[in-house]
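Hi,

Here is the structure I promised to pass on. Have a look at it first, and my notes follow below.

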Number of protein chains: 2
Amino acid sequence: MENSATSTPPVPSTSDRILDAAEDIFAEKGYSATSLGDVADRVGIRSPSLYNHFKNKEALYEAVLERLLEDFSAPLVELEGGPLTSERVFRWLETIVRQHHGNPNLARLLQHAALSGGPHTNELIDRLFRPMFESGADKIVGEGITLIENTGLQPWAVMAFNNLVMSYVTMAPMYRDLLGQDPFSEEALENQLKLIKTLLRAVFEYKGDTPL
Amino acid sequence: MENSATSTPPVPSTSDRILDAAEDIFAEKGYSATSLGDVADRVGIRSPSLYNHFKNKEALYEAVLERLLEDFSAPLVELEGGPLTSERVFRWLETIVRQHHGNPNLARLLQHAALSGGPHTNELIDRLFRPMFESGADKIVGEGITLIENTGLQPWAVMAFNNLVMSYVTMAPMYRDLLGQDPFSEEALENQLKLIKTLLRAVFEYKGDTPL
DNA sequence: TTAGGAGGCGCGATTATTCACATTGCCCCT
DNA sequence: AGGGGCAATGTGAATAATCGCGCCTCCTAA
């Protein structure tokens, strides 16, 4: 029902255009503040017509989430498996930064969910972050890579770096205001990448001897 | 009009109770998704009675913002002036962490504003962050304190550390889910403080020689 | 000819806001 | 002491806008 069996490479179907519009508006306003009228307006149809493609508002929201989660998980599974060198950690972080830079909507949706709840919030959190703790970053201990392991704060550190990446996106207007630069320009991406890498390298090289 | 002439130490005025309720709900749902009925319900009055204390929804929102900004700016002005030692930077960060931990609502409100706009968003950003760039962290260059200054990323670094602190609060449900710990417990506060300090110390000690 | 998809209409709920009104406590005048 | 006025603060009813959503009709492409 959502995807016709025919190939649809050039012209996006109405369902996809609804998904695109809904994704943007859900990400901006959150679930409850989003009106289906706004979504329909952006697509160029009337709001009752949405019900020809999605059962109701919540189903539309679910479809938006599903598509986003698929898009984001794809490039990360490639990085799973193999030895956990520090270079792998850098590539993993850089991939995440580039993904959120390319499409900020997932971070925004997750931030809305964390603030206000809404349907499927816990499921969203689980599907986005459990993999990080099970198959990837959790195993970083060993062969010299510690990520502040000696302080017993490792999962906290992983979440901190993720928050760093996502808050850059959810706080983009702030960066625009205070730094006077388009936060989604190529130049800003490079700056953000440089900062994250510098921080990560500082943490890797740091030996927490001096207790302040 | 807001404060009766009598001393009001023990019993909060209705206006204050409205402000308390509105602050919580605005912080949770954002401006547009907040209904005055919900606010009135929490106070224990009917929504038309709100208009005896505030002109309209936007004025109530402004009052909430004003009170929050005052509460947060007070402890920080004490840290202004004087030599910019690294110890001062640590105290400044620790103060901010403790403030947001004690009342997460400002961070949540700011996050909603950054995501969805709403009234006075730009003014909010300015009043919260301009001081950091003018009187405090911007002058950190000198006397050995560099904060990754050699990479030309100093303002970015300042905002990154702030995002780190605020996203901990706006993402609190995530921490609760994934770490199985109340993110606002004393124990969690200590963990968060330790992590932030460790990161900051790593950055201070780091000399960006090796280019990855 | 037939079925999918778009539009029109409208119901019921919720929202911010206004208004007329009741109640209360306080000041001041007698 | 008593009472008239008055400001402050509460209420229910009413209004206009908006929302999600269901029903039904019409158009059009295969």
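A word on classes before anything else: Ala, Val, Leu, Ile, Met, Phe, Trp, Tyr, Cys and Pro count as nonpolar, Asp, Glu, Lys and Arg as charged, and the others, Gly among them, as polar. By that scheme, the surface near DNA strand C has five nonpolar, 10 polar and two charged residues; "near" is for a residue with a heavy atom within 4 Å of the strand.

Some housekeeping. This is a predicted model, where local features need pLDDT of at least 70 and side-chain atom pairs count only at pLDDT 80 or more, while totals for chains, interfaces and linings use all residues. Residues are numbered from 1 along each chain as its sequence is written, chains are lettered from A and ligands numbered from 1 in the order in which they are written, and side-chain values use heavy atoms, with hydrogens and water left out.

Now the DNA. Of the 17 residues around strand C, those that come nearest are Arg46(A), Asn52(A), His53(A), Leu36(B) and Tyr51(B). Among the strand's atoms within 4 Å of the protein, 68% are sugar or phosphate, and the rest belong to bases.

A few polar contacts (N or O atoms within 3.5 Å; within protein, one must be able to donate a hydrogen and the other to accept it, and residues adjacent in sequence count only if both atoms are side-chain atoms) stand out here. Arg46(A) has a backbone N or O atom 2.7 Å from a phosphate oxygen of DNA strand C, and a polar backbone atom of Thr34(B) is 3.0 Å from a phosphate oxygen of that strand. Asn52(A) instead puts a polar side-chain atom 2.8 Å from a base nitrogen.

On to the two protein chains. Chain B gives 58 residues to the contact and chain A gives 58 residues, with contact meaning heavy atoms within 4.5 Å. About 5,500 Å² is buried between them, 71% of it from carbon and sulfur atoms; buried area is the accessible area (1.4 Å probe) that two parts lose on being put together, summed over both. Leu115(B), Trp156(B) and Leu178(B) supply 14% of what chain B buries against chain A, more than any other three residues.

How many salt bridges link chain B and chain A? Zero, taking a side-chain nitrogen of Lys or Arg within 4 Å of a carboxyl oxygen of Asp or Glu as the test. Six residue pairs are in polar contact across the interface, both partners at pLDDT 80 or more. The side of chain B that touches chain A has 34 nonpolar, 14 polar and 10 charged residues.

Cheers
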